[in-house]
Amino acid sequence: MTADQSRARHFTGSCLCGAVRYEVTGALRDVVVCHCEMCRKSHGHIGAYTAAPNDALRLIESHGLKWYQSSAIARRGFCGECGGTLFWEGTGRDTISIAAGTLDAPTGLKTVVQIYTEDKGDYYELDAAIPVRRE
């Protein structure tokens, strides 16, 4: 957790059109960048996620929220109005991953690790300044 995160205890965010709006009370995990094929296909590029305990997330507006069971172990939350990707929820986890780009600034977050780099797209290079964790 960064110093900014320990001070910032309330975050807000939304999809592009606002049909899904949320708030998070408490600290957020720093950002993990995922290069897996499912993230690339659902985001149109890499997935960049922060995370919070499930009970720290509160939906303010949810009429657009839809869920897609993307694998046996996870589902993805998106807006059915604008198509914006918002959440990744792993089965049996007590945290929910939140697409970092949907948060309102300032976040105080840092990108700290890349995962599934062996699955990256062939049209870009990895950022050598961000550590890699092998999954």
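Start by selecting cysteine 34, which stands opposite glycine 47 in strand β4. This is a predicted model, in which local features need pLDDT of at least 70 and side-chain atom pairs count only at pLDDT 80 or more, while totals for chains, interfaces and linings use all residues. Residues are numbered from 1 along each chain as its sequence is written, and side-chain values use heavy atoms, with hydrogens and water left out.

**Stop 1: strand β3**

Now colour β3 (31-34). Strands here are DSSP runs of E with at least two residues, and helices are runs of H or I with at least four, numbered from the N terminus. Val31 and Val33 point one way from β3, Val32 and Cys34 the other way, and all are buried. Buried means under 20% relative accessible area, exposed means over 50%, and partly exposed lies in between (1.4 Å probe, protein chains only).

Which strands does β3 join? Add β4 (residues 47-53), which runs antiparallel to β3 and is joined to it by 3 bridges. Then add β10 (residues 111-115), which runs parallel to β3, with 4 bridges. Within β10, look for valine 113, the bridge partner of valine 32. Two strands count as paired if DSSP finds at least two bridges between them.

**Stop 2: the largest pocket**

Keep cysteine 34 selected and add Trp88, Arg93, Ile115 and Tyr116: these five lie nearest the centre of the largest pocket, which is lined by 20 residues. A pocket is found on a 1 Å grid over the protein atoms alone, as an open set of points where a 1.4 Å probe fits, with protein on both sides within 12 Å along at least five of seven lines; lining residues have an atom within 4 Å of a point. The volume is about 490 Å³. Strand β3, helix α2 (37-43) and strand β7 (74-79) each give two or more residues to the lining. By type, the lining divides into 11 nonpolar, 3 polar and 6 charged residues.

**Stop 3: an open sheet**

Next, show the open sheet of 3 strands, with the order β1-β2-β5 and antiparallel pairing. Its edge strands are β1 (10-14) and β5 (57-61), each pairing on one side only. Neighbouring strands of this sheet are turned by 25 degrees against each other on average, direction ignored. Zoom in on β1 and β2 (residues 21-25), where 5 bridges join the two. Here threonine 12 stands opposite glutamate 23.

**Stop 4: the salt bridges**

How many salt bridges does a search of the whole structure find? There are 3, each a side-chain nitrogen of Lys or Arg within 4 Å of a carboxyl oxygen of Asp or Glu.

Stay with glutamate 23 and select arginine 58: they form a salt bridge, with the closest N and O atoms 2.7 Å apart. Arginine 58 lies in β5 and glutamate 23 in β2, so the pair ties together parts 35 residues apart in sequence. Glutamate 23 is buried, at 14% relative accessible area, whereas arginine 58 is partly exposed at 45%.

Move on to glutamate 89 and arginine 75, whose closest N and O atoms are 2.5 Å apart. Glutamate 89 is in strand β8 (residues 85-90) and arginine 75 in β7, 14 residues apart. Arginine 75 is partly exposed, at 29%.

Finish at arginine 134 and glutamate 118, which meet in a salt bridge (3.8 Å, N to O). Arginine 134 is exposed at 62%, and glutamate 118 is partly exposed at 48%.

Key. Grid points are joined across faces, edges and corners, and a volume is the space filled by probe spheres set on the points. Ala, Val, Leu, Ile, Met, Phe, Trp, Tyr, Cys and Pro count as nonpolar, Asp, Glu, Lys and Arg as charged, and the others, Gly among them, as polar. Axes are lines fitted to C-alpha atoms, for helices over the stretch in contact, and angles run from 0 to 180 degrees between N-to-C directions.
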